[in-house]
Amino acid sequence: MSSETVTSTTTPAATPPAATTTTTTAVNLEQVAYFLVTGASRGIGAKMAIETARKFKAGSVVVLLARSASGLESTRAEILAVNPHVTVVTSSVDLATASKELLNEILDKSLGKQPTDRFGLACVIHNVGTVGNIGRKATDLDDRTEWEQYFGTNVFTVAVLNSCFLRKFQSVPGKLVINITSKACLVPFQSMTYYCAGKAAREMYFRVLAEEEAAAGVTVLNYSPGPVDTDMTVDLQANSNAPEIRDYFKGLRDTTTILTTDQTTAKFLHILQNGLFKSGDHVDYYDH
């Protein structure tokens, strides 16, 4: 009689799936914050500075950068009118040529002797932006100096300031970087070569940043504010070499469908506070 070894196998009970941890990007603005905004003297930058600063707790520091000293003072006065418990620092600076040393000096002076770890949130809004030469087509843009000046303001100094900012506030638990971008970084628009190229380069920089710095607690939002009634869109309507662009903005104004700075700022804050974005994503006004 032969013997046979039988191996008995027991099928284990189904293992429940591991619990997934969802990371929210919702930002609590109601805390002590360090808040820096570029291009804060007018338009979208001024309105975002005012309405965001409205929410901060006493002891927060708000830093406003732009070329126009008078425009910055106007924004400062409006912030203090809605939140007198914050400190507002202004610095008139040309971001086309600002060096790393100058930017670090601005950060240091705004802090005084305050330690950075007293802040729960460090937030920067990179709003500074120019439309560039819209009177000529791409094939006519052959001036290297003009290219360098455009990218200096809209890309190079933005990246340098961002590095200075994150290095200075690396000990702060919540680090929020906001890039004011545009549909023009995704879609080509006639007469807007500089603007489209600059916005595309700038947004990709911030998308890489989001990937690299996620573990360091950095959250990035690329916010596209939509077509807003600003000096920039007035310039495009009046001076673009493309009739389609001039007609587009004229049509928005004629039908009063062009957005206001109040509208786009309210949507921005809604997206931010409700976490309606993944860090690094391009989020448009019309997405929500």
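Is glycine 135 buried, exposed or partly exposed? At a relative accessibility of 47%, glycine 135 counts as partly exposed. The model is predicted, and the points below set this loop residue beside a buried helix residue and two cysteines.

**Glycine 135**
- Glycine 135 lies in the loop that runs between β4 (121–126) and α4.
- Apart from its neighbours within four places in sequence, glycine 135 makes contact with Asn239 and Asn241.
- Arginine 54 stands 81 residues from glycine 135 in sequence, and the C-alpha to C-alpha separation of the two in space is 39 Å.

**Asparagine 162**
- Helix α4, which covers residues 144–168, contains asparagine 162.
- The relative accessible area of asparagine 162 is 0%, so this residue is buried.
- With neighbours within four places in sequence set aside, the contacts of asparagine 162 are Val124, His126, Val177, Tyr205, Phe206 and Leu209.

**Cysteines and disulfides**
- The structure has zero disulfides.
- For cysteine 123, the closest cysteine sulfur belongs to cysteine 164 and is 17 Å away, which is too far for a bond.
- Cysteine 123 has a relative accessible area of 1% and is therefore buried.
- For cysteine 185, the closest cysteine sulfur is that of cysteine 196, at 8.8 Å; this too is too far for a bond, because a disulfide requires the sulfur atoms to be within 2.5 Å.
- Cysteine 185 is also buried, its relative accessible area being 14%, under the 20% cut-off.

Definitions and conventions. Residues are numbered from 1 along each chain as its sequence is written. This is a predicted model: local features need pLDDT of at least 70, side-chain atom pairs count only at pLDDT 80 or more; totals for chains, interfaces and linings use all residues. Side-chain values use heavy atoms; hydrogens and water are left out. Helices (H or I, at least four residues) and strands (E, at least two) are DSSP runs, numbered from the N terminus. Buried means under 20% relative accessible area, exposed over 50%, partly exposed in between (1.4 Å probe, protein chains only). Contact means heavy atoms within 4.5 Å.
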